[in-house]
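Hello,

Here is the structure I promised to pass on to you. My notes on it follow below; please have a look at both together.

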Amino acid sequence: MTKLYGGQNMIAPLQTVLVRRPDEAFGAADPTLWHYTEQPYLPLAQQEHDAFVNTLLGNGVEVIYHDASPTDGRPPGLADAIFVHDPVLMTDRGAIILRMGKALRRGEEEAMARTLERLGVPIHYRLSGEATAEGGDLLWLDEQTLCVGLGFRTNAAGYAQLGDALAGSGVELVPVQLPYFEGPEACLHLMSIISMVDADLAVVYRPLLPVPFYKLLAARGIELIDVPDEEFVTMGTNVLAIGPRHCLMLDHNHQTQSALEAAGCRVAVYRGDEISMKAEGGATCLTRPILRG
């Protein structure tokens, strides 16, 4: 039987991803409310997203579109729903439906659950109560190690429920305390400061790496590619691994791209002035891997 889902890692060959094409909610987003740098221009955002999808397709990735529309007749208002990485964590047991720490994003979770159920992906667990966790805070260091960024988007109750969801699977949860940085309105996920591009290679912004987490990476023998200050601002750390040392990133980050290529990586780039630069979400955020490996 063909496998439909799974892959508890960030770097195995990417086979199937979900994406969400920018819609009217994204184009009409109030920058102050959504913490965007500017209001996106929808026609260009859609062009950029179409080109982004074509890059994935050109690299052999199956792309499935996710529908985040409400089912109760309300007009769509989930501007951040294009960042499909965040409402769910995929495991080899099925999907863990998360609970968004950014209150404006509540509602994305059940929309994602509907899409996954339609695709035949079982829902293994749902976060509930006061628990919050977002996919951008959940980094598979390897198939048995899940690092969980604890900050404004993922809380201690979310960490505890993730432990319940993964109990008996052999997965170790590692808490990573995130810094205050620019405060609760800004988006600082764990994956804002690190992306895995191979089992032993990561792109990082070292000034924001918590010391215990840095020591863990060093102990695991993971080589670090440092993103310079000016490219951290343009999401140089937000790199999607299509496969080991094969990655996709924003086209603004030439120093980081050169460092990746010097480390033996094959790098594809995309233009994301509207879909990424204005809205705080890079290549990883724009994709929800369903199947790797």
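**Loops, a buried glutamine and the overall fold**

Let me begin with Met-235, which sits in the loop that runs between helix H7 (229-232) and strand E12 (240-243). Please keep in mind that this is a predicted model. Met-235 counts as buried, with a relative accessibility of 13%. Its backbone also caught my eye: phi of Met-235 is near 60°, a positive value in a residue that is not glycine.

Arg-245 has a positive phi as well, near 55°, and again the residue is something other than glycine. You will find Arg-245 in the loop between E12 and strand E13 (246-250).

A third loop residue to look at is Pro-184, placed between strand E8 (172-177) and strand E9 (194-198). Is Pro-184 buried, exposed or partly exposed? With a relative accessibility of 42%, Pro-184 counts as partly exposed, because that value falls between the 20% and 50% limits. The C-alpha atom of Pro-184 is 16 Å from that of Leu-208, a residue 24 places away along the chain.

Now to the segment before strand E1 (14-19), where Gln-8 is located. Gln-8 is buried, as its relative accessible area is 4%. What does the side chain of Gln-8 reach at 2.9 Å? The partner is the backbone oxygen of Glu-143. A polar atom of the Gln-8 side chain also lies 3.0 Å from the backbone nitrogen of Asp-92. Leaving aside residues up to four places away in sequence, Gln-8 touches Thr-91, Asp-92, Trp-140, Asp-142, Glu-143, Gln-144 and Val-171.

Stepping back to the whole protein chain, there are 9 helices and 15 strands. The radius of gyration is 17 Å, close to the 19 Å that the globule rule gives for 293 residues, so the chain is as compact as a globular protein of that length. The C-alpha trace spans about 50 × 45 × 45 Å along its principal axes.

Of the 293 residues, 58% count as buried. Taking contacts between residues at least 6 apart in sequence, 69% join residues at least 24 apart. The protein chain exposes about 11,600 Å², and 53% of this is supplied by carbon and sulfur atoms. As for charge, the chain has 22 positive and 37 negative charges, and their mean positions are 5 Å apart.

Happy to talk it through whenever suits you.

Best wishes

Terms used: Residues numbered from 1 in each chain as written. Predicted model: local features only at pLDDT ≥ 70, side-chain atom pairs only at ≥ 80, totals over all residues. Heavy atoms only, no water. Helix = DSSP H or I, 4+ residues; strand = E, 2+ residues; numbered from the N terminus. Buried < 20%, exposed > 50% of the residue type's maximum accessible area, 1.4 Å probe, protein only. Polar contact = N/O pair within 3.5 Å; in protein donor to acceptor, adjacent residues only side chain to side chain. Contact = heavy atoms within 4.5 Å. Rg over C-alpha atoms; globule rule 2.2 N^0.38 Å. Areas by Shrake-Rupley, 256 points an atom, 1.4 Å probe, with all protein chains shown as cover. Lys, Arg positive; Asp, Glu negative; His and termini not counted. Charge placed at Lys NZ, Arg CZ, Asp CG, Glu CD.
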